[in-house]
Amino acid sequence: MTDTAILMPAPMPAAVIDALDRRFALHRLWEQPDAGAFLADHGAAIRGLAANTLAGRVDAALFDRLPALEIVANFGVGYDNIDARAAADRGIMVTNTPGVLDAEVADLTIGLLLATIRRLPQADRYVREGRWPHAPFPLSPTLRGRTIGILGLGAIGKQIARRLEGFDVRLAYHGRSRQADVAYDYHDTPVALATACDVLIAIVPGGGGTRHLIDADVLRALGANGVLVNVARGSVVDEPALIEALQSGTILAAGLDVYADEPSVPDALLALPNVVLLPHLGSASEHTRAAMGQLVVDNLTSWFGGHGPLTPVPETA
Ligand code: NAP
Ligand code: 8YV
């Protein structure tokens with residue numbers, strides 16, 4: 001155990017807390033009766049921050065209160081909760097958890113896609129409500145014959161695509177640039193991708209660069225047989241436009257793991273019969289959350305052991 005002070009603004013898995021407690025002087029900000037007063041009294045001593053999406057924005061305003069901060073270790077591969085450029089400007093390292101969750105998120109995406117197209121939650125409710133003896137569950141749409149567009153063919157997008165190759169569907173993608181070693185059809189705008197597809201899977205990072213990348217035009221291009229699956233971030237989709245598209249039949253259905261204002265889900269979405277709604281579950285297995293937590297611990301341990309970061313984000317690498 002060292003006296004290096006680490007701040008954890010919001011709870012993380014118990015194993016992460018225990019491991020950090022053993023190595024560092026860990027401060028649990030959520031247990032403080034007055035977080036502002038704690039930061040005023042102890043902020044100058046904090047050298048590491050263990051962050052997650054529950055911790056609120058990690059930005060210049062927080063960095064101002066933590067003048068000795070050296071590293072932010074994020075519990076998650078997406079780090080749109082952190083102003084990484086502001087961190088880079090101050091020489092603060094930011095790390096995330098790439099790789100260890102790719103397969104889990106890809107599995108979940110396939111499950112959500114099938115659940116949405118074959119209406120599995122609706123069918124489960126049908127059985128529980130005792131309706132099966134009275135009439136068979138209505139026939140569903142199908143995955144057969146579809147073209148699936150992946151918006152963001154990165155580490156997770158590629159794992160999703162690899163799984164979908166086993167489903168005998170056509171695959172296409174959009175990113176800011178064409179990837180030389182990828183054989184799937186490339187489209188140079190989200191609208192062009194949606195026009196070519198009848199399933200659109202969003203798995204890009206969140207933040208300003210991708211805000212409302214899926215808007216009313218993209219949804220119109222996806223079409224009346226179209227299915228949207230969003231496992232990226234809620235900010236990537238214009239949520240009111242999506243609700244309108246689902247209500248009016250502009251698209252067929254949506255499977256959503258993420259929302260604009262988590263954990264709030266708009267009543268209009270809850271009321272729709274043609275959506276499957278998950279509470280941000282992409283990486284949420286015990287196995288994968290443990291691996292993510294270990295990587296947070298390992299990044300902090302490596303940094304304060306003088307060995308540098310293990311998984312720095314590009315802005316601060
Ligand atoms: P990654 O390897 O960095 O891949 C991101 C992909 O998005 C890249 O292919 C990139 O391609 C593309 N992209 C980035 N900005 C873009 C833009 N403005 N327009 C179009 N494409 C863009 O990241 P990853 O590890 O696959 O993770 C992706 C995201 O998934 C995370 O950042 C996180 O938000 C989300 N996620 C969600 C869950 C969940 O629980 N639902 C779990 C894990 C991750 P180009 O560079 O060619 O544009
Ligand atoms: C986590 C995620 O739910 O890694 C990400 O980007 O969205 C998820 O794995 C989230 O980061 C937990 O804080």
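# Two ligand sites and a few odd backbone spots

An oxygen atom of ligand 2 sits 3.1 Å from an N or O atom in the Thr-53 side chain. That's a polar contact, meaning a pair of N or O atoms within 3.5 Å; within protein, one must be able to donate a hydrogen and the other to accept it, and residues adjacent in sequence count only if both atoms are side-chain atoms. Keep in mind that this is a predicted model, so local features need pLDDT of at least 70 and side-chain atom pairs count only at pLDDT 80 or more, while totals for chains, interfaces and linings use all residues. Residues are numbered from 1 along each chain as its sequence is written, chains are lettered from A and ligands numbered from 1 in the order written, and side-chain values use heavy atoms, with hydrogens and water left out.

**Ligand 2**

- The residues around ligand 2 (a heavy atom within 4 Å) are Asn-52, Thr-53, Phe-75, Gly-76, Val-77, Gly-78, Leu-101, Arg-233, His-280, Ser-283, Arg-289 and Met-292.
- By class, that shell splits into four nonpolar, six polar and two charged residues; here Ala, Val, Leu, Ile, Met, Phe, Trp, Tyr, Cys and Pro count as nonpolar, Asp, Glu, Lys and Arg as charged, and the others, Gly among them, as polar.
- Val-77 joins in through its backbone, with an N or O atom 2.8 Å from an oxygen atom of ligand 2.
- The side chain of Ser-283 puts an N or O atom 2.6 Å from an oxygen atom of ligand 2.
- On its own, ligand 2 would expose 330 Å², and the protein buries 90% of that (Shrake-Rupley areas with a 1.4 Å probe; for residues, only the protein chains shown count as cover).

**Ligand 1**

- Ligand 1 has 27 residues around it, and Ala-155, Ile-156, Arg-176, Val-231 and Asp-257 come nearest.
- Its shell holds twelve nonpolar, twelve polar and three charged residues.
- Arg-233 turns up here too, with a polar side-chain atom 3.4 Å from an oxygen atom of ligand 1.
- Two backbones also take part: a polar backbone atom of Gly-154 is 3.1 Å from an oxygen atom of ligand 1, and one of Gly-282 is 3.3 Å from an oxygen atom of ligand 1.
- Taken alone, ligand 1 exposes 930 Å², of which the protein buries 84%.

**Helices α7 and α10**

- In helix α7 (residues 155-165), the buried residues are Ile-156, Gly-157, Ile-160, Ala-161 and Leu-164.
- These residues lie on the same side of α7 because they cover an arc of only 140° around the axis, the arc being that of the directions from the helix axis to the C-beta atoms.
- An α-helix has 3.6 residues a turn, so residues three or four places apart point the same way.
- Helices (H or I, at least four residues) and strands (E, at least two) are DSSP runs, numbered from the N terminus; buried means under 20% relative accessible area, exposed over 50%, and partly exposed in between (1.4 Å probe, protein chains only).
- The buried residues of α7 pack against α5 (102-117), β6 (147-151), β7 (170-174) and β9 (199-202), with contact taken as heavy atoms within 4.5 Å.
- Over in helix α10 (residues 239-248), Glu-239, Ala-241, Leu-242, Ile-243, Ala-245 and Leu-246 are buried.
- Those α10 residues pack against α9 (216-222), β10 (227-230), β11 (253-256), α11 (267-270) and β12 (275-277).
- Right after α10, Gly-249 takes a positive phi of about 80°.

**Asp-198 and Ser-302**

- Asp-198 sits in the loop between α8 (190-196) and β9, and counts as buried because its relative accessible area is 17%.
- A polar atom of the Asp-198 side chain is 3.0 Å from the backbone nitrogen of Thr-147.
- Beyond its neighbours within four places in sequence, Asp-198 is in contact with Arg-146, Thr-147, Leu-222, Asn-225, Gly-226 and Val-227.
- Ser-302, in helix α12 (residues 286-304), is buried at 9% relative accessible area.
- Not counting residues up to four places away in sequence, Ser-302 touches His-307, Gly-308 and Leu-310.

**Backbone oddities**

- Most residues other than glycine have a negative phi, and most peptide bonds are trans.
- His-212 goes positive, with phi near 55°; it lies in the loop between β9 and α9 and is partly exposed at 28%.
- His-280 is another non-glycine with a positive phi, about 50°; its loop runs between β12 and α12, and its 27% relative accessible area makes it partly exposed.
- Glu-262 and Pro-263 are joined by a cis peptide bond with omega of about 5°, and Pro-263 is found in the loop between β11 and α11.
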